Protein chains: 2
Amino acid sequence: MRVKQIADALEISADSVRYYTRIGFLVPSKSHNGYKYYRPADVTRLRFILSARSLGFSVNDIKEILFTSSQTNAPCPTVRRLIEQRLKETEQRYQDMHELRLRMRKAMSEWENTPDQHPTADTICHLIEGFTALKS
Amino acid sequence: MRVKQIADALEISADSVRYYTRIGFLVPSKSHNGYKYYRPADVTRLRFILSARSLGFSVNDIKEILFTSSQTNAPCPTVRRLIEQRLKETEQRYQDMHELRLRMRKAMSEWENTPDQHPTADTICHLIEGFTALKS
DNA sequence: GGTAAACCTGTGTGTTGCTCACAGGTCAAT
DNA sequence: ATTGACCTGTGAGCAACACACAGGTTTACC
């Protein structure tokens with residue numbers, strides 16, 4: 001299969017396939033014209049990569065997992081350790097997003113009926129400057 | 001003020017100040033030794049930038065706002081338009097994070113008492129491959 | 001005055017996970 | 001042979017900083 005075919009089969013962009021190839025996750029064979037040809041094993045591997053990504057593993061995580069599994073070791077202990085870390089980070093970012101969302105909503109509703117003003121020497125936009133989120 | 005002083009005053013890293021300077025948000029004067037010196041107006045400006053960032057505006061948004069305000073126009077209409085867009089995106093990313101978080105938790109609890117296995121020809125890590133998130 | 005350590009500086013590069021631009025190659029139909 | 005549609009690989013670009021590094025500056029002490 002060529003790059004577009006494998007990309008279409010797994011419903012990702014050809015550029016993504018090229019990216020995973022570039023960083024060594026996929027190792028296609030090269031034909032006479034320089035085109036890269038992917039084999040069924042590459043499809044399996046790519047499917048694994050996408051599953052891992054959708055579970056929140058980073059590309060570096062996957063690199064570690066692939067390396068571990070290539071060493072005749074079961075990568076599962078690695079996977080367990082990594083997902084614990086990633087989950088913690090995700091919880092934190094989720095919380096941060098939650099707070100950002102609240103701040104944005106609050107600002108919008110506060111600005112709803114506030115008139116606009118021209119900037120002065122000390123103020124650029126009173127809507128932003130008047131919002132006290134930073135101080136709290 | 002030199003870079004570290006202004007950074008400490010606003011509780012950000014000196015590298016961030018350098019970054020904002022590099023992209024033209026701050027325009028310090030240069031002394032004989034090549035050091036950059038910031039004036040009170042820069043503090044005001046930087047404080048504005050940080051407020052905007054904390055409200056979810058991107059650096060590009062801020063660029064647009066600063067440009068608008070430099071044109072004797074009130075940037076507030078721009079600000080209103082931008083925050084509406086950013087809020088929409090934030091809601092979407094919040095939702096995405098929510099779902100990722102659920103998938104991760106589900107995977108963790110499913111894997112809780114699952115034994116590890118050595119990888120075979122068709123499987124790299126059964127924990128990830130067995131997780132059906134992609135199909136749903 | 002000298003000097004050594006601590007601190008600070010600007011510039012260049014790295015980061016994540018792709019996406020885009022581009023010049024050119026390939027293939028089917030004419 | 002040639003047009004046109006489609007495909008290819010490589011290199012660069014993105015956000016928003018953080019980090020590495022070689023060197024300049026200031027301070028403490030003699």
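1. Into which domains is chain A divided? In this predicted model, chain A consists of domain 1, which covers residues 1-54, and domain 2, which covers residues 55-136. The C-alpha centres of domain 1 of chain A and domain 2 of chain A are 30 Å apart, and the two parts do touch, since eleven residues of domain 1 of chain A are in contact with nine residues of domain 2 of chain A. It may help to keep this division in mind while following the points below.

2. The next topic is DNA strand C, which is surrounded by 20 residues, and the closest of these are A:Ser13, A:Tyr19, A:Tyr20, A:Arg53 and B:Lys36. Of the atoms of DNA strand C that come within 4 Å of the protein, 66% belong to sugar and phosphate. When the residues of the surface near DNA strand C are sorted by class, six are nonpolar, six are polar and eight are charged.

3. Some individual contacts with DNA strand C can be looked up in the model. A polar side-chain atom of A:Tyr20 is found 2.8 Å from a phosphate oxygen of DNA strand C, and an N or O atom in the side chain of B:Arg18 is 3.3 Å from a phosphate oxygen of this strand. For B:Val3 the atom concerned belongs to the backbone: a polar backbone atom of this residue lies 3.4 Å from a phosphate oxygen of DNA strand C. The elements that give two or more residues to the surface near DNA strand C are, in chain A, α2 and α4 (59-70) and, in chain B, α1 (3-9) and α2. Among these elements, α2(A) gives the most, with five residues.

4. DNA strand D can be read in a similar way, beginning with its surroundings. It has 20 residues around it, and A:Arg22, A:Lys36, B:Ser13, B:Tyr20 and B:Arg53 are the closest. Sugar or phosphate accounts for 69% of the atoms of DNA strand D within 4 Å of the protein, while the rest belong to bases. The surface near DNA strand D is made up of six nonpolar, six polar and eight charged residues.

5. Which part of DNA strand D lies 2.8 Å from an N or O atom in the side chain of A:Arg22? The partner of A:Arg22 is a base nitrogen of DNA strand D. In the case of B:Asn60, an N or O atom of the side chain is 2.9 Å from a phosphate oxygen of DNA strand D. A:Lys4 also approaches a phosphate oxygen of this strand, but with a backbone N or O atom, at 3.4 Å.

6. The helices beside DNA strand D come from both chains: α1 (3-9) and α2 (14-22) of chain A, together with α2 (14-22) and α4 (59-70) of chain B, each supply at least two residues of the surface near this strand. The element that gives the most to this surface is α2(B), with five residues.

7. Aromatic rings deserve a separate look. A pair of aromatic rings is described by the distance of the centres and the angle of the planes. Over all chains, a search of the whole structure finds five aromatic pairs. One of them is the tilted pair of A:Tyr19 and A:Tyr20, with 5.5 Å from centre to centre and 50° between the planes. A:Tyr19 is partly exposed, having a relative accessible area of 39%, whereas A:Tyr20 counts as buried at 9% relative accessibility. Another pair joins B:Tyr20 and B:Phe25, whose ring centres are 6.2 Å apart; their planes stand at 5°, so this pair is stacked. B:Tyr20 has a relative accessible area of 8% and is therefore buried, and B:Phe25, with a relative accessible area of 3%, is buried as well. In chain A, an aromatic cluster is formed by A:Tyr19, A:Tyr20 and A:Phe25.

8. Finally, the backbone at A:Glu11 and B:Glu11 should be checked. Phi of A:Glu11 is near 60°, a positive value in a residue other than glycine, and B:Glu11, which is not a glycine, also has a positive phi of about 60°. A:Glu11 is placed in the loop between α1 and α2 of chain A, and B:Glu11 lies in the loop between α1 and α2 of chain B. Are these residues buried or exposed? A:Glu11 counts as exposed because its relative accessibility is 74%, and B:Glu11 counts as exposed at 75% relative accessibility.

Terms used
Residues are numbered from 1 along each chain as its sequence is written. Chains are lettered from A and ligands numbered from 1 in the order in which they are written. This is a predicted model: local features need pLDDT of at least 70, side-chain atom pairs count only at pLDDT 80 or more; totals for chains, interfaces and linings use all residues. Side-chain values use heavy atoms; hydrogens and water are left out. A residue is near a molecule or strand if one of its heavy atoms lies within 4 Å of it. A polar contact is a pair of N or O atoms within 3.5 Å; within protein, one must be able to donate a hydrogen and the other to accept it, and residues adjacent in sequence count only if both atoms are side-chain atoms. Helices (H or I, at least four residues) and strands (E, at least two) are DSSP runs, numbered from the N terminus. Ala, Val, Leu, Ile, Met, Phe, Trp, Tyr, Cys and Pro count as nonpolar, Asp, Glu, Lys and Arg as charged, and the others, Gly among them, as polar. Rings of Phe, Tyr and Trp (its six-membered ring) pair if their centres lie within 6.5 Å; planes under 30 degrees apart count as stacked, over 60 as edge-to-face and the rest as tilted. Buried means under 20% relative accessible area, exposed over 50%, partly exposed in between (1.4 Å probe, protein chains only). Domain bounds come from an automatic or database domain assignment. Contact means heavy atoms within 4.5 Å.
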